[in-house]
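Biologist: Pick one part of this model and take me through it up close, please, then show me how it sits in the rest of the chain. I'd like the cut-offs spelled out as you go.

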Amino acid sequence: MHIDKDLVAASATPLVLGILADGESYGYAIVKRVNELSGGRMQWTDGMLYPLLHRLERLGYVQATWGTSEAGRRRKHYAITEAGRETLAERRQQWVVVSEALKQVWQDVQPGPAVAEGWA
């Protein structure tokens with residue numbers, strides 16, 4: 001299934017902040033976690049993730065530190081900040097409102113067979 005780039009962009013910040021709220025992580029692990037959470041239906045790339053992480057860092061929502069992997073390679077680890085937690089809480093409330101509105105609209109719509117299969 002293809003997910004529209006506007007929907008991916010809208011969901012990227014709360015996804016990353018939510019993942020980091022569970023504990024610090026690094027780029028590849030974040031991409032892998034998004035893949036797991038979406039059942040493989042969202043395939044993020046480094047080219048999409050790192051600009052987002054850098055923006056979140058500039059905004060003060062995440063903090064980056066250099067660490068060393070078990071294999072001895074240096075890699076940047078990201079952790080959510082207090083400002084990031086506040087932003088995550090706000091985004092969560094916003095998504096609840098949007099999700100509830102969509103749910104109500106979709107309950108009233110009689111979808112065709114191809115659409116109905118995607119909603120099941």
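Modeller: Let me start with a definition: a patch is built from residues with over 30% relative accessible area and no salt bridge, joining like charges within 9 Å and nonpolar side chains (Val, Leu, Ile, Met, Phe, Trp, Tyr) within 5 Å. Areas come from Shrake-Rupley with a 1.4 Å probe, and for residues just the protein chains shown count as cover. A salt bridge is a side-chain nitrogen of Lys or Arg within 4 Å of a carboxyl oxygen of Asp or Glu.

Now some housekeeping. This is a predicted model, in which local features need pLDDT of at least 70 and side-chain atom pairs count only at pLDDT 80 or more, while totals for chains, interfaces and linings use all residues. Residues are numbered from 1 along each chain as its sequence is written, and side-chain values use heavy atoms, with hydrogens and water left out.

The part I'd pick is helix α3. Helices (H or I, at least four residues) and strands (E, at least two) are DSSP runs numbered from the N terminus. Helix α3 covers residues 46-58, 13 residues in total, and spans 18 Å from its first C-alpha to its last, close to the expected 18 Å; that expectation is 1.5 Å times one less than the number of residues.

Which residues of α3 are buried? Calling something buried means under 20% relative accessible area, exposed means over 50%, and partly exposed is in between (1.4 Å probe, protein chains only). By that yardstick the buried residues are Leu49, Leu52, Leu53 and Leu56. They sit on the same side of α3, because they cover an arc of only 100° around the axis, the arc being that of the directions from the helix axis to the C-beta atoms. Over on the other side, Gly47 and Arg58 are exposed.

What do those leucines pack against? The buried residues of α3 meet α1 (5-21), α2 (27-37), β2 (62-68) and β3 (74-80), where contact means heavy atoms within 4.5 Å. Take Leu53: it is buried, with a relative accessible area of 0%. Leaving aside residues up to four places away in sequence, Leu53 touches Val16, Ile30, Val62 and Tyr78. The C-alpha of Leu53 is 16 Å from that of Glu82, 29 residues apart along the chain.

Gly47 tells the opposite story at 60% relative accessible area, which counts as exposed. The C-alpha atoms of Gly47 and Glu70 are 24 Å apart, with their positions 23 residues apart along the chain. Just after α3, Gly60 takes a positive phi of about 85°.

One of the neighbours, α2, has a similar story to tell. Its buried residues are Gly27, Ile30, Val31 and Val34. Seen down the axis they fall within an arc of 100°, so they line one face of α2. Their cover includes α1, β1 (25-26), α3 and β3. Just after α2, Gly39 has a positive phi of about 65°.

Helix α2 also carries a salt bridge, Arg33 to Glu36 at 3.3 Å, N to O. These two are three residues apart in α2, about one helical turn. Arg33 is partly exposed at 36%, and Glu36 is partly exposed at 45%. The whole structure has two salt bridges; Arg75 and Glu70 also pair up, at 3.8 Å, N to O. Glu70 is exposed at 78%.

Back to that patch. Leu7, Trp95, Val98, Leu102, Val105, Trp106 and Val109 form a nonpolar patch on the surface, with about 590 Å² of accessible area together. Helix α4 (residues 82-108) gives the most, with five residues. Val109 is in the loop between α4 and α5 (113-119), partly exposed at 36%.

Zooming out, the chain has five helices and three strands, in the order α-β-α-α-β-β-α-α. Its C-alpha atoms fill a box of roughly 55 × 30 × 20 Å along the principal axes. Buried residues are 28% of the 120. About 8400 Å² is exposed by the chain, 53% of it from carbon and sulfur atoms.
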